[in-house]
Amino acid sequence: MSQKILIVDDEPNIVISLEFLMKREGFEVAVAADGEAALRMVESERPDLVLLDVMLPKRNGFEVCQQIRGNPKLSGVKIIMLTAKGRDTEVAKGMALGADGYMTKPFSTRELVDKVKATLDIARA
Amino acid sequence: MIARGSLTAQRLAGVFLLGWALFNYPFLYLFNRAETVAGIPMLYAYVFAVWAALIGMMAWVIERRRDKP
Amino acid sequence: MLQGWVIVVCSIAYLGVLFAIAWVGDKRADQGRSIIANPYIYALSLAVYCTTWTYYGSVGRAASTGIGFLPIYIGPTLIAALWLFVMLKIIRITKTHRITSIADFIASRYGKSQLLGGLVTVVAVVGVVPYISLQLKAVSNSFTILLHYPDIVMPAHSAAVPVLQDNTLYIALILATFTILFGTRHLDATERHEGMVAAIAFESLVKLVAFVAVGAFVTFGIYDGFGDIFERAARVPRLAALMTFENDAAHYGSWTSLTLLAMLSVTLLPRQFQIGVVENVNENHLRKAIWLFPLYLIVINLFVLPIALGGLLRFPDGGVDADTFVLTLPMAHRNELLALFVYIGGLSAGTGMIIVETIALSTMVCNDLVMPGLLRQRWWPLHRERDLSGLLLGIRRGAIVAILLLGYTYFRAAGEAYALVGIGLISFAAVAQFAPALIGGMFWKGGTRRGAVAGIVAGFAVWLYTLLLPSFAKSGWLPAAFLHSGVFGIELLEPQRLFGLSGMDETTHSLFWSLAANIGAYLWVSLARRGDVVETSQATLFVDVFRHTQAQVSTQFWRGSAQVGDLLPLIGRFLGPARARAAFERYARAHGADSLDDLHADADLVHFAESLLAGAIGAASARVMVSSVVKEEPLGMDEVMNILDEASQVRAYSRQVEQKSRELEIASRDLREANERMRELDRLKDDFVSSVTHELRTPLTSIRAFSEILLEDPRTELAERKRFLGIISAESQRLTRLVNQVLDMAKIESGKVDWQNTEIDLRVVIEQSAAATQALFRDRKVALSLELPDEVPLVCADRDRLIQVMLNLLSNAVKFVEPATGWVRVRLSGAGDMLRVDVEDNGPGIRAEDQARVFEKFRQGGDALTSKPQGTGLGLPISRQIVEHFGGRMWVESEPGRGATFSFTLPVCGPARAGAQ
C-alpha cells in the first residue's frame, strides 16, 4: 500500500510542483490550501506525512503542527515543515512543536524527496 | 562664600579669639613691667609683637590656599 | 624760608593732583577699565580710618597715656579677623538691596522705615560733625604753625580771629568745593565713586609715607634709634611712667572698651561704611584687605610713641602742644622740606576724611532726611517734575556745604575746649549706637523696627547726656554745675557718674550706659511685639542673604500689578530718562525680552525698579515712590509668616522634591515610550524584511521546483512541459513586479521619489487607466463603467503616480470579482475643494476587521486558495502613500458579500499652489 502525503500550501503553483514530485515518487497525494482544511484532512485522510507550509491563511503551520501532535490518534503522522522565512527561530519553533523535518523555500526537489523518504523510512524501521 | 571659605573664616575667628585674649587682662598684666627687651619697653614690645604676629597669622590663613580666588 | 604763598600753592597743587587722580579714576570706570578693582587699592582706601586724629592726635594721646592710644588700631585689627562673618554679609546685603549708606541699611532692614533712616542720619550727623570740625581744626592749625616757620608758635584761640579772616573757613569752603566735585559730579545709580576711591587710596599712601618719614627722622635722625629714645625717656620719671600701665582695673577696662569701640567704629562710621561697603567693587577684595588693612595700621603706629617721647624730650616745658609734635619736631630741627611734606600728609588725612565723610553724610541727609520729607509734602508739586535728578544732586551739594559749615561752626564754638582725641572718641561712641540694630538685624530675624528705634533713641539719649553735654559743659556752654550735680541736682543723675558708677573714664562710662540702654531697649521692645509684614520679610532677606537667591525671595513677598509705562518714567525722573531707559533695556535683554514693550511688569521688574531707585534716593523713599505707581495687594501677616516659617520652607522644599520626582517620572515614562516606539519600529522593519524575504522566496520556490523537474526529467509530456514553463514565466513576472514595488515603496518611504507636480485633469487619468486595463477586464469578462462629470477642476499631482494608483485599484477590483457576473464602477465627483474617486466592485467584500489592514504592507485580502490574489501586498500601501503625499486621503468601505468601494480624494489646485509652479 502506497503511503499518503498531505500537501498544505496556499500557493497554487507550489502545490502543483509538490503534487507532481510526490506522485512521481509513487505517493498518494492530498491537498489542503489553509490551516483548517489541513486539520480536517489529516483526520479524514490519515496521511503518513504532511508537507506543511508555515504561512497559511486561517491557521498557520505551527498551530496545525501543534494540533496534530496534541492528538494521540494522529501520533504516527510525520510532519515536514516548509517555510519561506528561513530564520533560525522559525526552524527551532517548528522542531520544538514536534515537526520531524524542516525545509526552507526555495528547496531543492531532490533534497525534498530524499527528506520525505528518509522520514518515512525511519518510521518504518 | 561663607560656606566655601568656612574653614578660613573659622581659622580667622580663632585668630580673633587669640588676639582678644592676648590684648587683655591678664596677659597684658604679665608684660606690664618697667623692663626693657633689647632697649624697648617690654609692654610696648609685647603689644607690637603680638600685633605683628596676628597680622602674620591672618595673612597666612588667607593666602595659604585659595581654592577659588 | 617757607612763605605763605608756597604753602598755599603746595596745598592747592596737592588737591589738584587728587582731583586729577579722581578724574582719571572716573574716566576709567566709565570705560569699564577700573583702576580701583584690586584688593590693594581697597585696603588702602579703608585707611581713610586714619584721619588727622591719628596723624596728629595719636602722638598727643601717646604723650599723655603711653600706649593707651593703641586700642583704636588694635580693635580694627581684631575685627578684621571676623570680616568674613560680618563685613562680607554687610557687603552682600548692600549689593543685593542697592543700599547707599548705613542709614539706608538700617532703615531697609527694618521694613524700609523712613523714621529709622532719618533717626540714624540725625545721630550720624550729630555724632560726626564734631569729628569733621576736628579735621578742619587740624588742617587749619598745621597751616598756621607752618606759616610761622622757623618759629614754633601755637595758633591763637580761633575765637579771637574774625570769621572772615579765619583761614579755617576758607579751608572748609575749598574742601566743600572739592567734595562736590569728587562726590556729586553725576548721580550714579550704584552710588559708587571710583575716582574718589582712587584719590583716597592715594591719600592713604601719602599720609603713611609722610608719617613714616617723620617717624624715621625723629627716631634715627634726631635720636639714635628706638633704644636711644626709650633709654633717654626712661631717665625722665614722667616719661618713664608712659612705658607701662597703671595696674588698676580702670585702665584695663578703658583699654578693653576702647578696643571694642574701635571695632564697632571701623564698621559703623559713615565714611568706613561708604568706603568699605558701598564702594566695594568685589567681595573678594575683602579677603586680602583682612590682613593688608591691619598691616597699614601697625606701620602707621610704629613711630607714634617714639615721636611722642622725642617731642616731650625736645619740648619739656609743655609750651608746645603734643598734638603738633609731628609737625613741630621737623620744624625745630630746621627741616623745612620734611615739615612741608608732613603738612601735606596731614592735609591728606584731613581732606580724605572730610571728603568721604561728607559724601556719606550728604547721601544720608538727601536720601533719608530730605527726600522722604519732600515726598511727604502734598503742597510741593514733586509729581509734576519731569526730571528730578538735578534736584537730587542739588540737595546733596547743599548738604555737603551745610555739613562742612556746620563743622566749621562747631569748630568756632568748641574752640580749644577739648583735645583732639576727646572729640574722636565722642564720635566713635555715637556711631557705636548703630551696632545693636545693625549687627542684631543681620543675624537675628526677631529684631523689629520699634525695637531698633527704641534702642537707637535710648542709646543716643544716654550718649548725649553722658558724653556730648558734658563736653559742652567743659567748653563752658553749660553751667559747670551740670557736670557735678546732673539735672535737677539729683546726684544719681550725675552725667559722668550715672547712678553712682565711677572708676571709669568718661568714654567707657558713656559706652557702657549707652550700649546697655540701647541693647536693652532693642531686645525688650523687639520681643514685646512682633514686627509687621514688611519688616518681617526684610528681616529674612537680610539674615538669610547667603541662603536665598535675591530674585527668588524678594519677589516672593510681593504681589500686585504694575505697568512698565508707569515705572519707567518714575525711575527716569530720579535717574534721568536716558539712564533709566538704558537700565530697563539691560533688564529686558537679561530677561529675554526683545524690547521694553515686551517687558512684563511682574514682581521681578517692580523689585528691579525699586532697587534701581533705592540706589539714588534710598530704600525707604524708593519704596514710597514705587508704591505710588504700583497697585500692591498687601500680603497678610499669615502669608508672610507662612513664607518665613521654617516648616513651610521645608514644605516648599519637599514640594519641590515632589515636583522634581514627578518630572523625572514623566521624563522616564517618555523615554520608555520612545524606546518602545523604537523597538516597535525596529520590529516593523524586521517584519518588513522578513515579509519581503517570504514574498521573494515564494515565486522562487515554484520557479526552482519546476526548473528542476524539467531538468531532471526530459521526457515530460509536451503539454505538461508547456504548463510548467508557463508557471515559471508567470512566477518570474511576479518576482519582477515584486522587486519593482519593493524598490518603489522604499523610495517613497525614504522620501527619494522625484515627484512631478503638474496640473492634471483626473478624468484623463481615469480614462487612460481604464484603457490600460481594458484587456484584463475583457479576459475576465468583467464590466467596467466610468461616471465622469463634464468638467472638473484640475488637481496638482504626478500624472504617472496617479495612473499607478488607478491601475492598482482597477486590477485589484477585477481580480476579486467573479468572472462574468462581476462589474466595476469608477465614479469621479467634486466636493468643495476636493475631488473624489470611487472604485466600486461587487466582489466578496472585505471584513470590517480587515479593512484597515489591507493598507498595511503584505496584508493581502482574500483567504482561500481560490481567491489567492496574484498581488504583492504592496499595491494598496503604495497607493495610499501617493495619495497622501498630494494632500489626499484613501480608504475602503465594504460590506462582506456585497462588494467593496475603494475611494480617495485629492485637493483641487488652489491659486497659491498653481502660482507656486
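How many bridges join strand β1 (residues 4–8) of chain A to strand β3 (residues 49–53) of chain A, and do the two run parallel or antiparallel? In this predicted model, four bridges link β1(A) and β3(A), and the two strands run parallel. Within this pair, I5(A) has L49(A) of β3(A) as its bridge partner.

These strands belong to an open sheet of five strands in chain A, ordered β2-β1-β3-β4-β5 with parallel pairing. At its edges lie β2 (28–32) and β5 (101–104) of chain A, each of which pairs on one side only. From one strand to the next, the twist averages 20°. Helix α2 (residues 35–45) of chain A packs on this sheet, where it touches β1, β2 and β3 of chain A; the direction of α2(A) makes about 150° with that of β2(A). Helix α3 (residues 61–70) of chain A also packs on the sheet, touching β3 and β4 (78–83) of chain A, and its direction makes about 175° with that of β4(A).

Chain C offers a sheet with another pattern of pairing. Here five strands form an open sheet in the order β4-β6-β7-β9-β8, and the pairing is mixed. The edge strands of chain C are β4 (783–787) and β8, each pairing on one side only, and the twist averages 15° from one strand to the next. At the β4(C) edge, five bridges join this strand to β6 (residues 823–831) of chain C in the parallel sense, with W823(C) of β6(C) as the bridge partner of A783(C).

At the other edge, β8 (residues 889–894) and β9 (residues 900–907) of chain C pair in the antiparallel sense over six bridges. W891(C) stands opposite S903(C) of β9(C). Five residues separate the two strands of this hairpin, and in the turn G897(C) has a positive phi of about 90°. Helix α35 (residues 799–816) of chain C lies across β4, β6, β7 (834–841), β8 and β9 of chain C, running at about 25° to β7(C).

Elsewhere in chain C, a nonpolar patch on the surface is formed by V8(C), I12(C), Y170(C), L173(C), I174(C), V401(C) and L405(C), with about 510 Å² of accessible area together. Helices α1 (4–30), α8 (167–183) and α18 (389–414) of chain C each supply at least two of its residues, and α8(C) gives the most, with three. V401(C) sits in helix α18 of chain C and counts as partly exposed because its relative accessibility is 30%, a value between the limits of 20% for buried and 50% for exposed.

Terms used:
Residues numbered from 1 in each chain as written. Chains lettered and ligands numbered in written order. Predicted model: local features only at pLDDT ≥ 70, side-chain atom pairs only at ≥ 80, totals over all residues. Heavy atoms only, no water. Pairing = 2+ DSSP bridges. Patch = residues over 30% accessible without salt bridge, like charges linked within 9 Å, V, L, I, M, F, W, Y side chains within 5 Å. Areas by Shrake-Rupley, 256 points an atom, 1.4 Å probe, with all protein chains shown as cover. Salt bridge = Lys/Arg side-chain N within 4 Å of Asp/Glu carboxyl O. Buried < 20%, exposed > 50% of the residue type's maximum accessible area, 1.4 Å probe, protein only. Axes fitted to C-alpha atoms, helices over the stretch in contact; angles between N-to-C directions. Contact = heavy atoms within 4.5 Å.
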